[in-house]
Amino acid sequence: MIEVKELVKRFGNITAVDGISFDVDKGEVLGFLGPNGAGKSTTMKMITCFLAPTSGTVIVGGKDILEDPLAVRRQIGYLPESAPSYPEMTVLEFLRFMAEMRSIPRGEIGGRIEEILATTGLEEVRHQIIETLSKGYRQRTCFAQALLHDPEVLILDEPTDGLDPNQKHEVRELIKRMRHEKTIILSTHILEEMEAVCSRAVIIAQGKIVADGTPAELAAKSRYHNAVTVRTRDPQAAALREKLQLIGGVNEVEFTPGQDGGPASFTLFSENNRPILPDVTKFLETHDVAVEEIFAERGRVDEVFRNVTQPVA
Ligand SMILES: Nc1ncnc2c1ncn2[C@@H]1O[C@H](COP(=O)(O)OP(=O)(O)O)[C@@H](O)[C@H]1O
Ligand SMILES: [Mg+2]
């Protein structure tokens, strides 16, 4: 549905986007991740035809942004960074205005807006001036605008930025409800957000792609992938450490003594991240260790994110 090809954007001598290529299939929710200044917004502005690339191009639903920008824009709903709108209009006035801009036939505008107000939960504030809305409602108003023409593709630039946890949750639920019908690219630097809603993530740093995979594939690059953590109140816990090290396949054991009456904890890392939970469980049973909690990790995306986005010192 979206093909980004060798995309480059320079501002003077700053290269904001440095040869990015990736595809997004229909029905995918692609998380576009990266630290501040990585080039996420600039890439999104090029996909939505708000900024011309220095070189490279993007094909959206078979249309090239350079050859047919109008056809591209028709297919896309765009929520820009910091959700700008017209603060002095009411929600309804703004959506009517945007519907007219989108050339939605007059006879359809009313019905369409009612649908969108319901989808985005804006019915009760429809007559309120946008400026007087809370940040969450302003964000949703801008989101509503992006949905007016029922686009196939949604480009959402940090859609939950600045929202409180409840509002973040609502916006994520909204995205989840739409993910089966639309192709979505959403930028974020919130890793739980990516894990909660995205089917795939592309991580960029300094304008270049540094990782691309499903949330599980990214987590598997972590040193914690398949690591086993054991919590125990065994008074001899500290003495267990060397024994745990002897379990086949375990190559490192970290020990954290219990604090404030809490349990002590061990984290066992395995060779090549192979699964060791059954071996560890068996060992603990054999040695009669009273275990309070034991679990294997999928991996920590935050660690992977730091590893791939931080320039090596
Ligand atoms: N209009 C512009 N003029 C000059 N530099 C810009 C402009 N827009 C973005 N940049 C620079 O390009 C880089 C990428 O910015 P941006 O795409 O906004 O990053 P992100 O959205 O990932 O935080 C940054 O270094 C930013 O300062
Ligand atoms: Mg940005």
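**View 1. The two domains of the protein in this predicted model**. The protein is divided into two parts, of which domain 1 covers residues 2-219 and domain 2 covers residues 228-297. When the centres of domain 1 and domain 2 are taken over C-alpha atoms, a distance of 45 Å separates them.

**View 2. The overall extent and the elements of the protein**. Taken along the principal axes, the C-alpha atoms of the protein fill a box of roughly 75 × 45 × 30 Å. Within the protein there are 11 helices and 14 strands. The chain has 313 residues, and 36% of these count as buried. Among the contacts in the protein with a separation of 6 or more, 69% are accounted for by residues that stand 24 or more positions apart.

**View 3. The residues that surround ligand 1**. The shell around ligand 1 includes F11, I14 and A16, and it also includes G34 and the run N36, G37, A38, G39, K40, S41 and T42. Strand 2 (14-24) and helix 1 (40-47) are the elements that give two or more residues to this shell.

**View 4. Helix 1 beside ligand 1**. With 3 residues, helix 1 gives the most to the shell around ligand 1. Helix 1 spans residues 40-47, and K40, S41 and T42 are among the residues that surround the ligand.

**View 5. The character of the shell around ligand 1**. Sorted by class, the shell around ligand 1 holds 4 nonpolar residues and 6 polar residues, together with 1 charged residue.

Key. Residues numbered from 1 in each chain as written. Chains lettered and ligands numbered in written order. Predicted model: local features only at pLDDT ≥ 70, side-chain atom pairs only at ≥ 80, totals over all residues. Domains from an automatic or database assignment. Near = placed C-beta within 6 Å. Helix = DSSP H or I, 4+ residues; strand = E, 2+ residues; numbered from the N terminus. Nonpolar A, V, L, I, M, F, W, Y, C, P; charged D, E, K, R; others polar. Buried ≥ 20, exposed ≤ 12 C-beta atoms within 10 Å, placed from the backbone. Contact = placed C-beta atoms within 7 Å.
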